[in-house]
Amino acid sequence: VVKDADAAWTATRPEERKARADCAVSWIATWARSDALLGNIATKQASYRRTWEMTGIALAYLKVHQHASEPDRAAIHSWLERLAAAGEKLFENGDVKRNNQWYWLGLGLAAISTTTNDPGMWLRARRVMQDAADSVDANGMLPMELARGKRALHYHSFALTALVAMAEIAAARGEDWYAFGDGALHRLVDTTCRGLQSPQIFTAKAGIAQDLPVTA
C-alpha cells in the first residue's frame with residue numbers, strides 16, 4: 001500500500017497515478033470494511049504496533065485520498081477514526097509513558113484529521129506536538145528517550161521522524177509547530193543530527209556507548 005501510494009504521488013503519467021492510487025485505496029477500503037486491526041489487543045506492544053500500522057496507513061491514504069469514491073471514503077474515514085480512538089485509549093492509562101509512542105500516535109492523528117477534516121482530532125494532534133516540545137530539554141534532548149541507555153540516540157531518531165513529519169503536515173496547513181516550546185523541535189533536530197555524526201554526544205549524556213549504526 002505504501003509503495004503504491006508513493007508511486008501515485010510521484011507518477012508523471014495520469015494513468016499510472018490513477019492505477020497506483022486505485023490499488024492503494026482498494027486495499028485500505030477492504031481492510032476498513034473488514035474492521036482490520038480492531039480485534040482484541042492483549043499486550044502494550046501489540047497496541048503500539050497497531051498504532052504504527054495505523055499511522056503508516058493514514059500517511060499512505062493522505063497521498064491518495066482524492067482518488068477514493070464516496071463509499072470507500074466513508075468506510076475508510078470511519079475505520080481510521082476508530083483506530084485512532086483505540087490508540088488514544090491506551091494513553092488514558094497513567095502507566096503508559098507519553099514518549100515516542102505518543103508522538104507516532106500524534107502523527108497518525110495529524111494525517112487522519114487532514115483527510116477527514118476532523119477539527120477535534122487536529123487539536124489532539126497539536127496537543128501531542130506541544131507535549132513533545134515541552135519535553136525537549138535545554139540540551140535539545142528528550143529525557144525519556146535518553147533514559148534508554150545505549151539506544152538513546154536510536155530512539156531520539158525514531159521520535160524525531162514522527163515529530164518532523166507532524167510539523168510538515170502542520171506547515172502544509174499553515175501552522176508553525178516548529179515554533180512550539182521556543183523552537184524546541186529545531187533544538188531536537190540539531191542535537192540528534194549532531195549525535196548521528198558524533199555519537200559520543202549521546203554517550204556522554206546517557207552514560208553508555210551508543211548502539212551503532214542508528215536506524216529509524
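This section describes the fold, the nonpolar cores and selected residues of a predicted model.

The secondary structure of the protein chain consists of 10 helices and 0 strands. In sequence order the pattern is therefore α-α-α-α-α-α-α-α-α-α, with helices numbered from the N terminus. The radius of gyration is 18 Å, close to the 17 Å given by the globule rule for 216 residues, so the chain is as compact as a globular protein of that length. The C-alpha trace extends over about 55 × 40 × 30 Å along its principal axes. Of the 216 residues in the protein chain, 45% are buried. The exposed surface of the protein chain comes to about 10,500 Å², and 54% of that area is supplied by carbon and sulfur atoms. Among contacts between residues at least 6 apart in sequence, 70% join residues that are at least 24 apart.

The largest nonpolar core comprises 59 residues, and Tyr-103 and Trp-177 have the most contacts inside it. Elements giving two or more residues to this core are helix H1 (2-10), helix H2 (14-33), helix H3 (44-64), helix H4 (70-90), H5, helix H6 (119-135), helix H8 (152-172) and helix H9 (180-197). H8 provides the largest share, 10 residues. A second, separate core has 5 residues, including Met-141, Ala-152, Leu-153 and Phe-202. With residues up to four places away in sequence left out, Trp-177 touches Trp-122, Ala-125, Arg-126 and Met-129. Under that same exclusion, Trp-177 also touches Met-166, Ala-167 and Ala-170.

Helix H5 covers residues 100-116. At 1.5 Å a residue, its 17 residues should span 24 Å, and the C-alpha atoms at its ends are 24 Å apart, which agrees with the expected value. H5 is mostly covered, with 16 of its 17 residues buried. Just after H5, Asn-117 adopts a positive phi of about 60°.

Two threonines were examined individually. Thr-51 lies in helix H3. Its relative accessible area is 6%, and Thr-51 is therefore classed as buried, the limit being under 20%. Leaving out residues up to four places away in sequence, Thr-51 touches Gly-87, Trp-104 and Leu-105. Thr-43 lies in the loop between H2 and H3. At 43% relative accessibility, Thr-43 falls between the 20% and 50% limits and so counts as partly exposed. Thr-43 and Thr-215 are 172 residues apart along the chain, and their C-alpha atoms are separated by 25 Å.

Cysteines were considered last. A search of the whole structure finds 0 disulfides, the criterion being a pair of cysteine sulfur atoms within 2.5 Å. Cys-23 has a relative accessible area of 30% and is therefore partly exposed. Cys-193, at 38% relative accessibility, also counts as partly exposed.

Definitions and conventions
Residues numbered from 1 in each chain as written. Predicted model: local features only at pLDDT ≥ 70, side-chain atom pairs only at ≥ 80, totals over all residues. Heavy atoms only, no water. Helix = DSSP H or I, 4+ residues; strand = E, 2+ residues; numbered from the N terminus. Expected span 1.5 Å × (residues − 1). Buried < 20%, exposed > 50% of the residue type's maximum accessible area, 1.4 Å probe, protein only. Rg over C-alpha atoms; globule rule 2.2 N^0.38 Å. Contact = heavy atoms within 4.5 Å. Areas by Shrake-Rupley, 256 points an atom, 1.4 Å probe, with all protein chains shown as cover. Core = buried A, V, L, I, M, F, W, Y, C linked by side-chain atoms within 4.5 Å.
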